[in-house]
Amino acid sequence: MTRRRGQLVLLAATVVVTALVPMLLAYAQLGYAGDVAATADERTTLTESKRVLERSVAETTGAVSNGTAADEHRLAVEVATDRLDPAVAAVESAGTERGVAVEVTRNASAARRWAAEHCPRGPHRAFGACLTTDGVVTQTRANTTALVAVAVDVRVGGPDGAARATFVVRGVRGAVADRRPAPASPSDR
């Protein structure tokens, strides 16, 4: 009877251990959820910062187009930065109110890459060439200088983590350069 009892205890222990292994593995995988929740404030701040910057760039686009003549790229950049700086300051101070540090800086290299990819070159270009200055992309369109895009780096740091992203916020919409040759008229054939 003692020998049978010992085997029964051993069998019960094996069943318990077999049941605990998957539970421990599941616990180990779910343990990372705490870190995601901890950085949620930082990610939310990053998303809200992007929305504020998008709104500000959209408002600035009209002011730049209405206040500049053709090929006044330097003036367009000055107008754009003067109008965007208060929005950047608001984003940074809003982070302080939430207990996170927010830093927004213009990214010149991201603006150059974006302009190289999105502003076509060649004879079929509908508008002037895109120019980048201090993270701001401008282009001559319809006898004005248009704000095409602004590239910024946003860094959010809090007590539980950090998040950072580079945004290229478009100003003007529509075809940047999609003018194709007009079809030949029947008399030209």
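Here is a short tour of this predicted model, one selection at a time.

Before you click, note that residues are numbered from 1 along each chain as its sequence is written. Local features need pLDDT of at least 70 and side-chain atom pairs pLDDT 80 or more, while totals for chains, interfaces and linings use all residues, and side-chain values use heavy atoms, leaving out hydrogens and water.

Start with the whole chain in cartoon view. You will find five helices and five strands, ordered along the sequence as α-α-α-α-β-α-β-β-β-β. These elements are DSSP runs numbered from the N terminus: helices are H or I with at least four residues, strands are E with at least two.

Next, select helix α1, residues 2-30, and pick out Leu 20. Leu 20 is partly exposed, at 40% relative accessible area (buried is under 20%, exposed over 50%, partly exposed in between, with a 1.4 Å probe and protein chains only). Now add Val 16, Met 23 and Leu 24: with Leu 20 they make a nonpolar surface patch of about 400 Å². Such a patch joins nonpolar side chains (Val, Leu, Ile, Met, Phe, Trp, Tyr) within 5 Å, from residues with over 30% relative accessible area and no salt bridge, that is, no side-chain nitrogen of Lys or Arg within 4 Å of a carboxyl oxygen of Asp or Glu.

Then move to Phe 127 and show Arg 141, which lies over the ring face, 4.4 Å from the ring centre. The criterion is NZ of Lys or CZ of Arg within 6 Å of the centre and within 35 degrees of the ring normal.

Finally, zoom out: of the 189 residues in the chain, 32% are buried.

How values were computed: Patches are made of residues with over 30% relative accessible area and no salt bridge: like charges are joined within 9 Å, nonpolar side chains (Val, Leu, Ile, Met, Phe, Trp, Tyr) within 5 Å. Accessible areas come from the Shrake-Rupley method with a 1.4 Å probe; for residues, only the protein chains shown count as cover.
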